[in-house]
Amino acid sequence: MRDITVFSGSAHPELAEEICAHLGTPLHPVQINRFANDVLEVQLQANCRERDVFLIQPLVPPTQEHLVELLLMLDAARGASAARITVVLPHYAYARSDKKDAPRISIGARLVADLMVAAGASRVLAMTLHSPQVHGFFSVPVDHLHALRELAAHFRQYDLSNTVVVSPDLGNAKEAAHFARLLGTGVAMGAKQRFSDDRVVISSVIGQVEGKDVIVLDDEIAKGSTVIELLDRLRERGVRSVRVACTHGLFSGGAVERLGSLPEVREIVCTNTVPPPKPGDKLTVLSIAPALAEAMRRIHDGESVSALFSTS
């Protein structure tokens, strides 16, 4: 394998630049043109022939636009005779569409995975997929990283002697339990039922939370409706304080402001897998660029990635 060559789409160039700074390699330019009929054209402006090419592009709003950009970048790299093409996918938005839970419904996570492979992806480097089965939707190797180590390193600065980690639902319970082990705390979880994208009901909280300092852990926060519903139940149970943590801080529709306005919320912590919102008094953004850069280096050098980032 020859030199490493890194490109970024327009979704999150700041993260790509930070990753390249850690790798000590340049971020090569990509020219994106839009024709009068709204069709996109992508040109990779660096040599790809027989090189190890990495394409960095989280799928964030406008999600469909960024997905098409990524597919065109893959096609361009394959057409330029790249030796191997790795998609670096800090956020896979379609991962939430992972099951057939209603009649005649699409499974977007599998379809978009197939599109990436058909366009030329040789492997995928992803961060905190919404559910474990999404890993299996790809027919190429997937290195699945988590941000639990970065989040845990941040929370270790606090006194955790009276702390419990709370998952909003059973689906995230395994990650919450692992996070609690990293911190040496207890764990609890909510019993959640979702009725629509922004309407959820958490009927109860399973575990001991009375008088505790709570860390609410979720993989992704968009509108914040799940966390706000959970905070209502925690308030009823008499928790002492709350800190909210997630990997993907999408925070659409003023979610940061709504969460930050609640008096029991002391801090909101996320990573920069997606472009972060404007910083606020209670918002802390952690960088996952060093972790992604190290994983990319290990992929390029043929070293183990799971040895560094496994959460088992």
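Trainee: Which unit do β13, helix α7 and β14 make in this predicted model?

Mentor: The model is predicted. Strand β13 and strand β14, residues 265–271, run parallel and are joined by four bridges. Helix α7 covers residues 255–260, and together β13, α7 and β14 make a right-handed β-α-β unit.

Trainee: Which residue in β14 stands opposite valine 242?

Mentor: Strands of a sheet pair through backbone hydrogen bonds, either parallel or antiparallel. For β13 and β14 the pairing is parallel. Opposite valine 242 stands valine 265.

Trainee: How many bridges join strand β12 to β13?

Mentor: Strand β12 spans residues 213–221 and runs parallel to β13. One pair across these strands is glutamate 220 opposite histidine 248. β12, helix α6 (residues 225–236) and β13 also make a right-handed β-α-β unit. The number of bridges joining β12 to β13 is eight.

Trainee: Is strand β13 largely enclosed or open, and why?

Mentor: A residue counts as buried when its relative accessible area is under 20%. Strand β13 covers residues 241–249, and nine of the nine residues are buried. The strand is therefore described, with respect to the rest of the structure, as largely enclosed.

Trainee: In what order do the six strands of the open sheet stand?

Mentor: The pairing in this open sheet is parallel. Its edge strands, each pairing on one side only, are β2 (27–28) and β8 (142–145). The order is β2-β1-β5-β6-β7-β8.

Trainee: What is the bridge partner of valine 6 in β2?

Mentor: Strand β1 covers residues 4–8, and two bridges join it to β2. These two strands run parallel. In β2, valine 6 has as its bridge partner leucine 27.

Trainee: Which residues of β6 are buried on the side opposite Arg84, Thr86 and Val88?

Mentor: In a regular strand the side chains alternate between the two faces of the sheet. Six of the six residues of β6 (residues 84–89) are buried, so this strand is largely enclosed by the rest of the structure. Both faces are covered, with Arg84, Thr86 and Val88 on one side, and on the other Ile85, Val87 and Leu89.

Trainee: Through which helix does the chain cross from β5 to β6?

Mentor: Strand β5 (residues 52–56) and β6 pair in the parallel sense over five bridges. One bridge pair is valine 53 with isoleucine 85 in β6. The β-α-β crossover from β5 to β6 is right-handed, and the helix it passes through, residues 63–79, is α2.

Trainee: What is the bridge partner of valine 87 in β7?

Mentor: β6 and strand β7 (residues 123–127) pair in the parallel sense over four bridges. With helix α3 (residues 108–119), these strands make a right-handed β-α-β unit. The partner of valine 87 in β7 is valine 124.

Trainee: Where is proline 62, which a cis peptide bond joins to proline 61?

Mentor: The bond between proline 61 and proline 62 is cis, with omega of about -5°. Proline 62 has its place in the loop between β5 and α2.

Trainee: Is arginine 104 buried or exposed?

Mentor: Arginine 104 lies in the loop between β6 and α3. Its phi is positive, about 55°, although it is not a glycine. Exposed means a relative accessible area over 50%. Arginine 104 has 77%, so the class is exposed.

Trainee: What does glutamate 50 count as, at 43% relative accessibility?

Mentor: Glutamate 50 is in the loop between β4 (40–44) and β5. This residue also has a positive phi of about 55° although it is not a glycine. Buried is under 20% and exposed is over 50%. At 43%, glutamate 50 therefore counts as partly exposed.

Trainee: What volume does the largest cavity have?

Mentor: Rolling a probe the size of a water molecule over the atoms shows where empty space is left. A search of the whole structure finds one cavity of 30 Å³ or more. Its volume is about 50 Å³.

Trainee: How many charged residues are in the lining of the largest cavity?

Mentor: The lining includes His91, Tyr92, Met127, Glu220 and His248. At least three lining residues come from each of domain 1 (4–145 + 289–309) and domain 2 (148–281). By class, five of the lining residues are nonpolar and four are polar, and the number of charged ones is three.

Terms used:
Residues numbered from 1 in each chain as written. Predicted model: local features only at pLDDT ≥ 70, side-chain atom pairs only at ≥ 80, totals over all residues. Heavy atoms only, no water. 1 Å grid on protein atoms, 1.4 Å probe; cavity = no way out; pocket = protein on both sides within 12 Å on 5 of 7 lines; lining within 4 Å. Points joined across faces, edges and corners; volume = space filled by probe spheres on them. Nonpolar A, V, L, I, M, F, W, Y, C, P; charged D, E, K, R; others polar. Domains from an automatic or database assignment. Buried < 20%, exposed > 50% of the residue type's maximum accessible area, 1.4 Å probe, protein only. Pairing = 2+ DSSP bridges. Right-handed = clockwise from strand over helix to strand, strands pointing away.
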